[in-house]
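Got the structure open in your viewer? Here is a short walk through it, one selection at a time.

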Amino acid sequence: MRALAFALVLLPLPAWAEFFTLKGHGGPIMGIATAPDGRIATASFDNSVGLWSDQTPEWLEGHEAAVNSVVFNGTSIYSAGDDFTLRRWPGGEVLGRHQGKIVSIAASKTHVATASWDGTIGVWPVDGSAPVVLGPTGSGVNTVVFSPDGSKLYSAGMDGALLVWDLSTGQETLRLVEHGFGINELILNSQDNWIAYGAVDGVTRIRDLTTGEEQDFTLDRRPILALALSPDRSLLAVGDGEGYIMVIDTVEWRIAQDFRATLRGPVWALAFSADGRNIHAGGIDEAMYSWPVSDLGDQEKMASSEPSFLKNPNEMGNGERQFARKCSICHSLTPDGQRRAGPTLHGVFGRKAGTLPGYFYSETLQDSDIVWNSETINALFDEGPDHYIPGSKMPMQRITQPSDRTDLIAFLRRATAPEN
């Protein structure tokens with residue numbers, strides 16, 4: 001693995017001052033990170049991290065569920081997600097574990113911090129010594145960021161509180177903001193003495209850390225899902241649930257650009273390139289898109305070829321419609337599986353659960369005696385995966401109408417038959 005990582009560094013890095021895409025993931029892009037040498041890491045719903053030094057990725061595999069966040073830190077890469085784990089690459093060792101989903105990571109020279117929906121913050125020394133747990137905070141934590149010297153940590157979460165922590169004592173020292181809605185994202189700019197936050201209700205504000213005065217750039221779009229600051233600190237990019245990217249000029253404090261980035265769906269991840277010339281973005285499409293900062297809004301939209309779960313439901317029969325809504329984001333119908341979060345359903349009827357070669361199953365499925373057929377698939381969606389197969393990686397969902405389950409099963413029987 002180390003030899004491969006070293007080889008990747010030797011590959012010529014592209015000049016990113018033009019529109020481009022990075023394709024290969026099998027699910028939505030949830031997080032993006034950039035390294036000083038130009039490499040890009042993408043975290044995806046397909047349970048993997050892509051490490052890109054050109055258009056061909058090295059896949060970092062090991063997570064057992066969606067990967068939500070990724071960050072470069074020195075010679076290492078850290079990732080975390082819905083399997084509750086923080087992992088370090090190369091190697092993919094589990095550095096830490098929460099009792100709930102990890103949705104954000106921050107890194108200092110000596111520590112990595114994790115924000116979890118279990119209501120706590122993990123502070124993990126990179127040397128492997130004992131971690132510190134901050135909280136519980138009383139609500140799920142959505143985002144964390146270190147001060148430049150690593151002595152303080154800022155956090156925010158579902159309760160709308162923006163907190164400051166003293167890492168020498170592990171104590172909360174200040175409630176900087178009490179917002180009425182959950183705060184999803186933070187950007188700290190200590191050099192210019194401000195912090196930006198984006199919230200569920202669409203609020204985008206920049207707060208002066210000395211005076212407490214706030215600049216408000218809220219538009220009528222919600223929620224705010226991503227923030228990114230350019231390397232020279234002159235531009236703040238904001239991504240929202242309606243698919244727009246707003247770019248704020250932080251020198252003149254004005255909206256410099258505002259454009260629809262997606263054909264449909266949200267912007268979940270944003271990052272500037274290492275040289276600041278491009279904005280990278282991720283959403284429901286299975287690719288990362290990047291636009292030159294000088295030419296935003298005049299390029300191709302994300303999700304230009306619509307995934308099956310965005311097809312017009314009126315163009316599908318009921319069985320296919322149920323598959324598109326409940327299954328297609330995780331499962332393909334083709335033999336190759338297409339790097340989805342779940343295994344391909346090709347040839348699923350008559351297959352013992354947890355036995356498809358090449359897919360990393362939960363122990364629950366590996367040890368089960370379930371054989372997939374009309375009866376077991378019906379029971380799966382009647383009871384819900386969390387009750388029918390407790391401990392599996394399948395998301396909690398049900399299809400309550402018997403006729404909808406019958407139509408789904410009929411569609412799957414046709415679409416997954418080996419001859420198709």
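Is Trp194 buried or exposed? Select it and take a look: with a relative accessibility of 5%, Trp194 counts as buried, because the cut-off for that is under 20%. One thing to keep in mind as you click around is that this is a predicted model.

**Stop 1: rings**

There are nine aromatic pairs in the structure. Trp194 belongs to one of them, so add Trp253 to your selection: the ring centres are 5.8 Å apart and the planes meet at 70 degrees, which makes the pair edge-to-face. Now colour by element. Trp194 sits in strand β19 (residues 194-199), while Trp253 is in the loop between β24 (244-249) and β25 (254-260), so this pair links distant parts of the chain, 59 residues apart. Unlike its buried partner, Trp253 is partly exposed, at 25% relative accessible area.

Next, pick Phe259 and Trp291. Here the ring centres are 5.5 Å apart and the planes stand at 80 degrees, so this pair is edge-to-face too. Phe259 is in strand β25 and Trp291 in strand β28 (residues 287-292), so the pair ties together parts that lie 32 residues apart in sequence. Both Phe259 and Trp291 are buried. Add Phe19 and Tyr289 to what you have selected, and you have one aromatic cluster of Phe19, Phe259, Tyr289 and Trp291.

**Stop 2: Thr85 and a cis bond**

Jump to strand β8 and select Thr85. Thr85 is buried, at 1% relative accessibility. Turn on side chains and look for two polar contacts: one of 3.5 Å to the side chain of His63, and one of 2.9 Å to the side chain of Asp83. Setting aside residues up to four places away in sequence, the residues that Thr85 touches include Val94, Gly96, Arg97 and Ile102.

Stay around here and move along to Pro90, in the loop between β8 and β9 (93-97). The peptide bond from Trp89 to Pro90 is cis, with omega near 5 degrees. For another cis bond, go to Gly135 and Pro136, where omega is near 15 degrees. Pro136 is in the loop between β13 (132-134) and β14 (141-146).

**Stop 3: backbone turns with positive phi**

Most residues other than glycine have a negative phi. Asn193 has a positive one, near 65 degrees. You will find Asn193 in the loop between β18 (183-189) and β19, and it is partly exposed at 26% relative accessibility. Arg233 also has a positive phi, about 70 degrees, without being a glycine. Look for Arg233 in the loop between β22 (224-229) and β23 (235-240), where it is partly exposed at 27%.

**Stop 4: helix α4 and what surrounds it**

Select residues 374-383 to bring up helix α4, in which Thr376, Ile377, Ala379, Leu380 and Phe381 are buried. What covers them? Among the covering elements are α2 (318-326), α5 (385-388) and α6 (402-415). At the N-terminal end, Asn373 caps the helix, with a side-chain oxygen 3.0 Å from the backbone nitrogen of Glu375. Just past the helix, Gly384 has a positive phi of about 95 degrees.

Step over to Arg405 in helix α6. Arg405 is buried, at 8% relative accessibility, and among the residues it touches are Asn378, Phe381 and Asp382. Then try Val371, in the loop between α3 and α4. Val371 is partly exposed at 35% relative accessibility. Leaving aside neighbours within four places in sequence, Val371 is in contact with Gly350, Arg351, Lys352 and Thr376.

**Stop 5: a pocket**

Last, show the pockets and pick the second largest, which holds about 1,200 Å³ of space. Of its 49 lining residues, the closest to the centre are Glu64, Ser392, Lys393, Met394 and Pro395. The elements that give two or more residues to the lining are β8 (85-89), α3 (363-366) and α4. Which of them gives the largest share of the lining? That is α3, with four residues. Colour the lining by type and you get 25 nonpolar, twelve polar and twelve charged residues.

Note on methods:
Residues numbered from 1 in each chain as written. Heavy atoms only, no water. Buried < 20%, exposed > 50% of the residue type's maximum accessible area, 1.4 Å probe, protein only. Contact = heavy atoms within 4.5 Å. Polar contact = N/O pair within 3.5 Å; in protein donor to acceptor, adjacent residues only side chain to side chain. 1 Å grid on protein atoms, 1.4 Å probe; cavity = no way out; pocket = protein on both sides within 12 Å on 5 of 7 lines; lining within 4 Å. Points joined across faces, edges and corners; volume = space filled by probe spheres on them. Nonpolar A, V, L, I, M, F, W, Y, C, P; charged D, E, K, R; others polar. Phe/Tyr/Trp six-rings, centres within 6.5 Å; stacked < 30°, edge-to-face > 60°.
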